[in-house]
Amino acid sequence: MIKYVVVLISVSLALWSGSEWMNFWISEPGDDQDLVLSKEELSLYNGEKDSKGLYLAILGQVFNVEKGRKHYGRAGGYRFFAGRDASRAFVTGDFTDSGLTDDVSDLSPSQIVALYDWLAFYQKDYTPVGKVIGRFYSEGGKPTDVLLQTETSLAQGLKLKGQAEKENKLYPACNSEWSADRGGRVWCSTKSGGVHRDWAGVPRMLFSPGSGHTRCVCVRLDDSGQSNNRNLQQYKGCPPQAESCPLNPD
Ligand code: HEM
């Protein structure tokens with residue numbers, strides 16, 4: 001008899017305390033960070049009428065973007081990202097049907113870095129749900145070869161970015177201006193190129209062998225390395241110690 005009373009009390013408690021208690025047994029899909037969804041399942045979370053919720057995927061990782069409904073919901077300016085993985089469009093800005101794809105195979109390493117910046121944004125601001133099966137994750141939720149290749153490209157991009165940042169500190173960009181009556185000029189200051197420093201430097205043309213272009217950079221006069229750097233050249237008609245150089249049209 002006492003057994004029946006205990007069971008009855010437990011069932012009554014369960015019913016009385018409602019969904020919270022029941023949720024212990026029935027987990028909400030949004031609570032699970034390890035869900036593996038098919039593309040079709042993901043598409044049911046596109047925020048349209050009768051949809052199951054609001055999810056998006058980037059690099060195969062699915063996020064619940066319900067709190068950003070104003071962006072991704074039916075009336076949002078970025079609604080085309082909902083219910084799918086449109087990784088490519090995050091860096092190309094091509095929001096047409098053909099642009100909204102997860103094919104990132106021909107993106108450059110620096111574009112892949114930008115794509116991972118978006119992934120970091122969703123990891124920080126939104127709730128992870130799981131993975132979508134396809135280009136980046138297998139049915140078992142394991143990374144595919146495509147994801148591993150994309151990560152290799154990321155590593156290359158980060159290396160290039162590091163080198164560019166190092167070069168930018170060593171040789172910050174010049175200020176420049178142009179006017180119809182006075183023509184153009186370039187000059188250095190302690191903040192030019194967005195690099196705050198205690199030296200201004202003098203303008204030099206830096207040739208980048210990769211791109212074949214030259215750009216104006218500020219070089220320290222006491223930098224002994226600059227005389228050895230064959231990619232650095234003085235501006236024609238500008239004294240070597242001048243902080244400002246006119247640009248001659250020829
Ligand atoms: C590659 C191009 C672009 C992509 C992929 C992109 C993507 C996005 C995304 C995903 C959001 C929502 C972020 C969130 O969840 O909080 C957003 C917000 C926003 N974007 Fe863009 N965007 C792009 C270009 C632009 C441009 C060119 C502008 C301005 C001219 C712009 C202005 C904004 C503004 C103002 C918001 C915030 C809106 C608000 O808080 O109501 N975006 N963008």
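# Strands, helices and a ligand shell

Visitor: Which residue of β4 stands opposite F63?

Guide: In this predicted model, β3 covers residues 61-64, and four bridges join β3 to strand β4, residues 127-132, in an antiparallel arrangement. Along this pair, V62 has G130 of β4 opposite to it. For F63, the residue standing opposite in β4 is P128.

Visitor: In what order do the strands of the open sheet of four follow one another?

Guide: The pairing in this open sheet is mixed: β3 and β4 run antiparallel, joined by four bridges, whereas β1 and β4 pair in the parallel sense over three bridges. Across the sheet, the order of the strands is β1-β4-β3-β2.

Visitor: Why is one side of β1 and of β2 left without a neighbour in the sheet?

Guide: The sheet is open, and its four strands are arranged as β1-β4-β3-β2. Since β1 (35-37) and β2 stand at the edges, one side of each is left without a neighbour, because each has a single partner strand.

Visitor: By how many degrees are neighbouring strands of this sheet turned against each other on average?

Guide: The sheet in question is the open one of four strands with mixed pairing. With direction ignored, its neighbouring strands are turned against each other by an average of 40 degrees.

Visitor: What angle does the direction of α6 make with that of β2?

Guide: Helix α6 packs on the four-stranded sheet, where its contacts are with β2, β3 and β4. Taking the direction of the helix against that of β2, the angle is about 145 degrees.

Visitor: Which residue of β4 is the bridge partner of L37?

Guide: The pairing of β1 with β4 is parallel and extends over three bridges. Within β4, the residue that bridges to L37 is V132.

Visitor: How far apart in space are Q61 and V132, C-alpha to C-alpha?

Guide: Q61 has its place in strand β3, and it counts as buried because 20 other C-beta atoms lie within 10 Å, the cut-off for burial being 20 or more. Leaving out residues up to four places away in sequence, Q61 touches L119, P128 and K131. In sequence, Q61 and V132 are separated by 71 residues, yet their C-alpha atoms are apart by 6.4 Å.

Visitor: What distance does helix α6 reach from its first C-alpha to its last?

Guide: Helix α6 takes in residues 109-125, which makes 17 residues. At 1.5 Å a residue, the expected value is 24 Å, and the helix comes close to this with a reach of 25 Å.

Visitor: Which residues of α6 are buried?

Guide: What covers the buried residues of this helix includes the strands β2 (55-58) and β3 (61-64), together with the helices α5 (87-92) and α7 (145-170). The residues of α6 that are buried are I112, V113, L115, Y116 and Y122.

Visitor: Against which helix do the buried residues of α7 pack?

Guide: Helix α7 has 26 residues, which should span 38 Å at 1.5 Å a residue, and its end C-alpha atoms are indeed 38 Å apart. Its buried residues are T150, S153 and G157. The helix against which they pack is α6.

Visitor: Which strands stand at the edges of the open sheet of three?

Guide: This sheet has antiparallel pairing and the order β5-β6-β10, with four bridges joining β6 (residues 183-187) to β10, where R185 stands opposite P246. The twist from one strand to the next averages 20 degrees. Those that pair on one side only, and are therefore the edge strands, are β5 (175-179) and β10 (244-247).

Visitor: Which residue takes a positive phi in the hairpin of β7 and β8?

Guide: Strands β7 (residues 202-208) and β8 (residues 213-219) run antiparallel and are joined by seven bridges, with V202 having V219 as its bridge partner in β8. Four residues lie between the strands of this hairpin, and the positive phi, near 80 degrees, belongs to G212.

Visitor: How many residues of the shell around the ligand are polar?

Guide: The ligand is surrounded by G68, H71, Y78, F90 and G93. This shell has no charged residues and two nonpolar ones, and the number of polar residues is three.

Notes
Residues are numbered from 1 along each chain as its sequence is written. This is a predicted model: local features need pLDDT of at least 70, side-chain atom pairs count only at pLDDT 80 or more; totals for chains, interfaces and linings use all residues. A residue is near a molecule or strand if its C-beta atom, placed from the backbone, lies within 6 Å of it. Ala, Val, Leu, Ile, Met, Phe, Trp, Tyr, Cys and Pro count as nonpolar, Asp, Glu, Lys and Arg as charged, and the others, Gly among them, as polar. Helices (H or I, at least four residues) and strands (E, at least two) are DSSP runs, numbered from the N terminus. The expected span of a helix is 1.5 Å times one less than its number of residues. A residue is buried if 20 or more other C-beta atoms lie within 10 Å of its own, exposed if 12 or fewer, and partly exposed in between; C-beta atoms are placed from the backbone. Two residues are in contact if their C-beta atoms, placed from the backbone, lie within 7 Å. Two strands pair if DSSP finds at least two bridges between them. Axes are lines fitted to C-alpha atoms, for helices over the stretch in contact, and angles run from 0 to 180 degrees between N-to-C directions.
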